[in-house]
Amino acid sequence: MKRHLLLLAVTIAMAGCAPSAPRNTGVYLLVDTSGTYNRQVHKAEQIILYALSRLQSSDSIAVACINTGSFTEKDIIAKTTFDDRPSTANKQKRAFASRVEKFVDQSTSAPYTDITGGLLQAIEFLNEKHTAHKTILILSDMKEDLAKGYVRNIPLDFRGFDVVALNVIKLRTDNFDPREYLARLDEWRAKVEKGGGHWRVINDIDRLDGLL
Amino acid sequence: MSMTSLLTFTPWPAVSAVILLILLVAALYLSRDTAHQAIHGAADVLSRGLRVASHSVIRAQERLAMRNRDVLLAAGREAKERIVEREFARVADTVRKDLAGYPDMHRRLSEAIQRIEQDQEKAVEVPPEAPGWAKAVKVVADLDARNAGAEILADIHKSMVKAHVAAMDDYRKASSQRHTLLRRMMPDWRLIQETLGRVSKAVESVITRSLAIDRHMEQYEAIVRGEDRAVSILSSSSIVYFFVSALVLAVATAGTAVNFTLIARPMAEMVGGTNFIGAYRTADIAALVIIMVEISMGLFLMESLRITRLFPVIGALTDKMRVRMMITTFAILLLMATIEAGLAYMREVLLSDELATSALLRGDNSDSLVNAHLWITTAAQMGMGFVLPFALVFVAIPLETFVHSLRTVVGLTGIAVLQVLALILRLLGNGCRHLGALAQRLYDLPLFVPLWIEGRMRVAAAQEVANAQEART
């Protein structure tokens, strides 16, 4: 009996002292700067500020732009992991908001749109952070336009990821044939879900409740 | 085999049904005694089992009641001992305070009385009377007038008047002296009166205390004798104490929650805001630990002051050690209260920072609107942070009462539950017995035809036997 009690006590103590599972969140925002979508970049600031207000200590956030070749760290505009202490995390948030504001003011248009490369970079970044919840936000029209020589027909591993396409605007051609727009979204949905992820589309960025 | 197929063993289903019914009734009739025995046996077993269980529960309830009674009496005895001890301490205080100066008071009283006696002795000294001239005057008056008695009488009269004046002067002086002496006695009388008044008050106080002690001793003796009335009084008191202490503890818990809110957020700055132990944030646990340590220190302080008696070890410490413990626990409490005040201030600073960041992220530029009266809430939070640890010290008193009364209340609840359980078991036992009888009657219901025939046959047989006996006689 005593042995059983001792065993129970040791088990409870070990369970109590064991490192708990991560509870933090990782957010990676891809901002499309190609072509006409560059005009929508100012909406990225609104989304980032919303994300910053929702994130807590130990959470991670990165903002990268989608341009001709996006599978590179050079396209990451700002990234940070918030400190454990709330006061330091607040300072980091203010600094991050300031960097994003600067980017929005100085953003230039890119000739091509490498969404897959950006997604690959996002997956790599968030996997390295080992966050409990991983969310990739894509502010784009979701029309991929690769430059010659870029190979992107590779399978993506979206297991444990939430992929949210934001403000997916309709192109001029979509107005002629809406099927193109729907087919484009379906194609991305299939790609994400095939990779084990969860896909969502939010076009009204004034209603971001429940995004994070 | 379905019902339809059963009804097809003759070409006519109705006939088949009747035959089946007759067979069934016959089978039931033949197995009636066995079935009745089985039903009766089953009901009896269940009934007896439930009654045995009911008896066991009643015995358990009696044991629990006995134990509860012992606990109540022990608690009551202890409480009365404490009260009597306190009354004796009060009597001792009264005696020490009022009667400690008795030798001095006695000396002063003796001196005052001695002075009064001396003054009285002096006061009773009667002034000298005028010389006794009366007889001489009479002798002279009886003399012949021609012997010049008149002149002598005139001289005597003169001398007498003179002596009378002198005597009156002496008398007045003596009276004046007596009055002076009597006046001098007044302060002594007052002193004696006051002193005796004080003594009377002290004695009355001691008498009152002794009456209270007598009353408590009577109650104590009743408890020691284990009288039912004493148990009843103790039981009702215990329930009242339980609810009152529970109420106070609920208030203290609310105070603890407020205290926790004050320090949980700034604790995140110290131990990190995202560390978890199990399912709980480390910062929350740290804040709770601080509050628990404060409450523990409060308990130890109260124990050191001998206000509560939850830990006999502390109560049994030497006075010197207790005083040291008192000082140590108070110092720790003071330190904790200061830390809490600091954390409460930090909370306000963090809140302001967080609000400013939120405003920035919302794009709200109204951060320039600074509340000029913010210092009031900051000061209030700091004050609460400092005062609450000391307020929580007094949790020890209701906690002790709660712990002591809990045993009795749990015992009383257990007794009530066991009583209800015993009643239910008894009812179920009786119910089983009656259900068995009912089941036997229900079994006989479809057998009314054979039973009626059996009854008729039995009557006929009895009639036959009676006729045969009559024929023999």
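Ala, Val, Leu, Ile, Met, Phe, Trp, Tyr, Cys and Pro count here as nonpolar, Asp, Glu, Lys and Arg as charged, and the others, Gly among them, as polar. With those classes in hand, welcome to a set of close-ups of a predicted model.

**Figure 1. The second largest pocket draws its lining from chain A and chain B.** By class, 13 of its lining residues are polar, 11 are nonpolar and 7 are charged. The lining comprises 31 residues, and those nearest the centre of the pocket are Leu55(A), Gln56(A), Ser57(A), Gly273(B) and Arg281(B). On the chain A side, α2 (42-54) and α3 (86-106) each supply at least two residues, as do α7 and α10 (319-362) on the chain B side. Helix α10(B) makes the largest contribution, with 5 residues. The volume of this second largest pocket is about 710 Å³.

**Figure 2. The largest pocket has a volume of about 1100 Å³.** Zoom in on its centre and the nearest lining residues are Ala75(B), Gly76(B), Ala79(B), Lys80(B) and Tyr241(B), out of 35 that line the pocket. Four elements of chain B give two or more residues to this lining: α3 (32-99), α6 (149-225), α7 (228-271) and α12 (396-444). Of these, α3(B) gives the most, with 13 residues. Sorted by class, the lining of the largest pocket holds 15 nonpolar, 11 charged and 9 polar residues.

**Figure 3. Chain A and chain B meet in an interface that buries about 1400 Å².** The size of an interface is often given as the accessible area lost when the parts come together. Here, 54% of the area buried between chain A and chain B is on carbon and sulfur atoms. In chain A, the residues that lose the most area to chain B are Arg23(A), Asp84(A) and Arg94(A), which together make up 35% of what that side buries. The contact involves 16 residues of chain A and 17 residues of chain B.

**Figure 4. A salt bridge joins Arg94(A) to Asp353(B).** Take a look at the side chains: the N to O distance is 3.1 Å. Across the interface of chain A and chain B, the rule finds 1 salt bridge. Arg94(A) is also among the chain A residues that lose the most area to chain B.

**Figure 5. Asp105(A) sits in helix α3 of chain A.** This residue counts as exposed because its relative accessibility is 61%, and the cut-off for that class is over 50%. Asp105(A) and His42(A) are 63 residues apart along the chain, yet their C-alpha atoms are separated by 8.1 Å.

**Figure 6. Ala147(A) lies in the loop between β4 (133-139) and β5 (161-166) of chain A.** Its relative accessible area is 10%, so Ala147(A) is buried, a label that requires a value under 20%. Beyond its neighbours within four places in sequence, Ala147(A) is in contact with Thr68(A) and Tyr112(A). Thr68(A) is 79 residues away along the chain, with a C-alpha separation of 6.5 Å from Ala147(A).

**Figure 7. Chain A is built from 6 helices and 6 strands.** Following the sequence, the elements run α-β-α-β-β-α-α-β-β-α-α-β. Of the 212 residues in chain A, 48% are buried. Among the chain A contacts with a separation of 6 or more, 78% are between residues 24 or more positions apart.

Notes. Residues numbered from 1 in each chain as written. Chains lettered and ligands numbered in written order. Predicted model: local features only at pLDDT ≥ 70, side-chain atom pairs only at ≥ 80, totals over all residues. Heavy atoms only, no water. 1 Å grid on protein atoms, 1.4 Å probe; cavity = no way out; pocket = protein on both sides within 12 Å on 5 of 7 lines; lining within 4 Å. Points joined across faces, edges and corners; volume = space filled by probe spheres on them. Buried < 20%, exposed > 50% of the residue type's maximum accessible area, 1.4 Å probe, protein only. Contact = heavy atoms within 4.5 Å. Buried area = accessible area lost by both parts, 1.4 Å probe. Salt bridge = Lys/Arg side-chain N within 4 Å of Asp/Glu carboxyl O.
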